[in-house]
Amino acid sequence: MLLIKPTTEWEKEILDYKTEFLSQSGVNWIDGASGLSNFTNIQDWIEHLVLYESNETIPNPDFVTGEQYLFVRETDKKIIGMIHFRHELNEYLFHFGGHIGYSVAPSERNKGYGSRMLKEMLLEKKESPIKKLLITCNDDNIGSAKVIEHNGGILENKVLDESDGKLVRRYWIDN
């Protein structure tokens, strides 16, 4: 398994991931994918990602900088998941989003890939100046809660996101 940054070399696989996720999940948004669901052109999405990697180029001051990764199975080059690492937290992310957002392809769930992907991201960011990471999930997302707990997440509390009426679990992981 590899954590890699998206490039146009992965265009077909990215589109396959997007199609599978949106068609099989019953949602119109892909967690941890930096707005991929809003893009039809992968080159445009990649250019969007680059803008959000630096405070000098970020187009929306209400957002934070971050890095997008694909979690790829080497044997067949399939994107198993997507994970986004945020360099800082704004008020919304502090309460409801956290430093890391991720998703796993519907066909690859319940196989341990979410835990492996988060573990790899934590190792990748071990040298980050952020030593305490916030990771959140909806209270009813038991699979994601298990992924976070398996990687050392300590539940601090649960908060109500009034924008959608969902209860959100807030976990901290020492990194």
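**Surroundings of Ile30, helix α1 and the α4–α5 contact**

Leaving aside its neighbours within four places in sequence, Ile30 is in contact with Tyr17, Lys18, Phe21, Leu22, Leu36, Ser37 and Ser103. The model examined here is a predicted one, and in it Ile30 lies in the loop between α1 and α2. With a relative accessibility of 2%, Ile30 counts as buried, because the cut-off for that class is under 20% relative accessible area. Val159 is separated from Ile30 by 129 residues in sequence, and the C-alpha atoms of Ile30 and Val159 are 22 Å apart in space.

Helix α1 comprises 15 residues, 11-25, and at 1.5 Å a residue it should span 21 Å; the C-alpha atoms at its ends are 21 Å apart, so the expected span and the model agree. The buried residues of α1 are Ile14, Tyr17, Lys18, Glu20 and Phe21, and among these Tyr17, Lys18 and Phe21 are also in contact with Ile30. In an α-helix, which has 3.6 residues a turn, residues three or four places apart point the same way. The elements against which the buried residues of α1 pack are α2 (42-51), together with the strands β2 (66-73), β3 (78-86) and β4 (100-104).

Positive phi values occur at several positions outside the helices. Gly26, placed just after α1, adopts a positive phi of about 70°. In the loop between α1 and α2, where Ser34 is located, this residue has a positive phi of about 50° although it is not a glycine. Asn110, likewise not a glycine, has a positive phi of about 65° and belongs to the loop between β4 and α4. The relative accessible area of Asn110 is 81%, and this residue is therefore exposed, the cut-off for exposure being over 50%.

A further contact joins two helices. Two packed helices are described by the angle between their axes and the distance between the axes. For helix α4 (residues 113-124) and helix α5 (residues 142-150), the packing angle is about 40° and the axes are 9 Å apart. This angle makes α4 oblique to α5, and α4 passes α5 in a right-handed crossing. On the α4 side the contact is made by Gly114, Ser115 and Leu118, and on the α5 side by Val147, Ile148 and His150. Classified by residue type, the contact of α4 with α5 contains three nonpolar residues, three polar residues and no charged residues.

Notes. Residues are numbered from 1 along each chain as its sequence is written. This is a predicted model: local features need pLDDT of at least 70, side-chain atom pairs count only at pLDDT 80 or more; totals for chains, interfaces and linings use all residues. Side-chain values use heavy atoms; hydrogens and water are left out. Helices (H or I, at least four residues) and strands (E, at least two) are DSSP runs, numbered from the N terminus. The expected span of a helix is 1.5 Å times one less than its number of residues. Buried means under 20% relative accessible area, exposed over 50%, partly exposed in between (1.4 Å probe, protein chains only). Contact means heavy atoms within 4.5 Å. Axes are lines fitted to C-alpha atoms, for helices over the stretch in contact, and angles run from 0 to 180 degrees between N-to-C directions. Angles under 35 degrees count as roughly parallel, over 145 as roughly antiparallel, 65 to 115 as roughly perpendicular and the rest as oblique. A crossing is left-handed if the near helix is turned anticlockwise from the far one by less than a right angle, and right-handed if clockwise. Ala, Val, Leu, Ile, Met, Phe, Trp, Tyr, Cys and Pro count as nonpolar, Asp, Glu, Lys and Arg as charged, and the others, Gly among them, as polar.
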